[in-house]
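Work through the following exercises with the sequence and the model side by side. Try each task before you read its solution.

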Amino acid sequence: MENTSLINPELVVNHKSQQRLFTYDERDVTLYALGIGACATNALDDKELKYVYHEDGQKFIKVLPTFATIYSLGSINIDEIPGMSFDPRLLLHGQQFIEIYKPLPTHGCIRNKTTVVGLHDKGKAAILELEVVSYGESSDEPICMNRLTLYLRGAGGFSKSPRPYSYTNYRSNRNLAFKHPKTHPFAVYEECTQPSQALVYRLSGDYNPLHSDPTFAGMAGFSRPILHGLCTLGFAVRAIIRCICGGDPDIVKSISGRLLLHVYPGETLITEMWLEGLSVMYQVKVKERSKTVLSGVVDLNRPASTL
Ligand SMILES: CCC/C=C/C(=O)SCCNC(=O)CCNC(=O)[C@H](O)C(C)(C)COP(=O)([O-])OP(=O)([O-])OC[C@H]1O[C@@H](n2cnc3c(N)ncnc32)[C@H](O)[C@@H]1OP(=O)([O-])[O-]
């Protein structure tokens, strides 16, 4: 069969991307927290007010660990990767892996270094993996790392030999191989997303019309705009911080998640959690459709003081 995919793997994996600066302040941190549902049902919530307000004279807004994903968004421009031609309407976010090395600052300027770390031909799709390491503007010590997987429907078939092309230049996302235990979950947290969830979340930097434009969403194969995958991940990790970390976001060390199915804004998310040592395995289901939409693992750097 003729190879019609326009991806040139040699050009893609040899691409050296530029460093980009990302500047933010507490307003961005607050808007992000509201975008992933903090205080959505209780404006007095004693576990979450700190993410959106200087409660009791608290000096800084508390930063949620998944805010690290926002560092990477602005630094990624797939259009600038040579040899990477695909239909942007068919792009879906597949996976995210985050490592946090230091508490995330409440404001500042971040220097992001992006590298292509994976490219795979899955026949019906291409998978592109990007790694973004984030530093303080004038520091060589990383604050966090994001490794994201983009699933490009219809862009596979670019292998030049019968063996499907597959390139990876990192060891592994330590905790992506997740199979949820058969036991009863340690904790379960149910929460409704708002019909306007994606319209609020997009203000944190992901303006892909897939999440806001009904016509575009239709062309991408959905009945209406879908929620950002990183918004669903933010809901899940916030639930874990509430239920397992005693409300302390600073004990989250790393986060992984595989997005299994889309979520429509307004749907109810049920996060199930299993605790094994310092690892929290989790999965998120959409209540209305009884479907699992996300699963992964959150590793903690110490046990929660409340457990
Ligand atoms: C960041 C900026 C952009 C943001 C956009 C969004 O937020 S979009 C909104 C948020 N995102 C969403 O809503 C997306 C939700 N997810 C989905 O809709 C589906 O999971 C899918 C369409 C991504 C893949 O489904 P399918 O039935 O076509 O796949 P299949 O089961 O036939 O497997 C084929 C191969 O691909 C592999 N593979 C499979 N899944 C994933 C994955 N998630 N990840 C990585 N890899 C994955 C699988 O291992 C297999 O490889 P193998 O083993 O043969 O070597």
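**Exercise 1. Find which backbone atoms of the protein lie beside nitrogen and oxygen atoms of the ligand, and state how much of the ligand is covered.**

Solution. Begin with Leu 259, where a backbone N or O atom lies 2.8 Å from a nitrogen atom of the ligand. Next take Leu 261, whose backbone N or O atom is 3.5 Å from a ligand nitrogen, and then Gly 229, where the corresponding distance, now to an oxygen atom of the ligand, is 2.9 Å. On its own the ligand has 1,100 Å² of accessible area (Shrake-Rupley method with a 1.4 Å probe; for residues, only the protein chains shown count as cover), and the protein covers 70% of that 1,100 Å². Finally, widen the view to the 23 residues around the ligand (a heavy atom within 4 Å of it), of which Lys 122, Lys 124, Tyr 151, Gly 229 and Leu 259 come nearest.

Before going on, note that this is a predicted model, in which local features need pLDDT of at least 70 and side-chain atom pairs count only at pLDDT 80 or more, while totals for chains, interfaces and linings use all residues. Residues are numbered from 1 along each chain as its sequence is written, and side-chain values use heavy atoms, with hydrogens and water left out.

**Exercise 2. Explain why Cys 231 and Cys 243 are without a disulfide partner.**

Solution. Recall that a disulfide is a covalent bond between the sulfur atoms of two cysteines; here the criterion is a pair of cysteine sulfur atoms within 2.5 Å. For Cys 231, the closest cysteine sulfur belongs to Cys 192 and is 13 Å away, which is too far for a bond. For Cys 243, the closest cysteine sulfur is that of Cys 245, and because their distance is 9.3 Å, this pair is too far apart as well. The structure as a whole holds zero disulfides.

**Exercise 3. Decide whether Cys 231, Cys 243 and Glu 272 are buried or partly exposed, and then describe the surroundings of Glu 272.**

Solution. Use relative accessible area, where buried means under 20%, exposed over 50%, and partly exposed in between (1.4 Å probe, protein chains only). Cys 231 has 0% relative accessibility and is therefore buried, whereas Cys 243, at 25%, is partly exposed. Glu 272, at 14%, counts as buried. Glu 272 lies in strand 9, residues 268–276 (strands, E, of at least two residues, and helices, H or I, of at least four, are DSSP runs numbered from the N terminus). Its side chain makes a polar contact of 3.5 Å with the side chain of Lys 285; such a contact is a pair of N or O atoms within 3.5 Å, and within protein one must be able to donate a hydrogen and the other to accept it, while residues adjacent in sequence count only if both atoms are side-chain atoms. Leaving out residues up to four places away in sequence, Glu 272 is in contact (heavy atoms within 4.5 Å) with residues including Pro 185, Val 188 and Tyr 282.

**Exercise 4. Describe how helix 2 begins, what covers its buried residues, and what follows it.**

Solution. At the N-terminal end, Asp 25 acts as a cap, with a side-chain oxygen 3.0 Å from the backbone nitrogen of Arg 27. Within the helix, residues 26–35, the buried residues are Glu 26, Val 29, Thr 30, Tyr 32, Ala 33 and Gly 35. Their cover includes strand 1 (16–24), helix 3 (68–73), helix 4 (197–201) and helix 6. Just after helix 2, Gly 37 takes a positive phi of about 90°.
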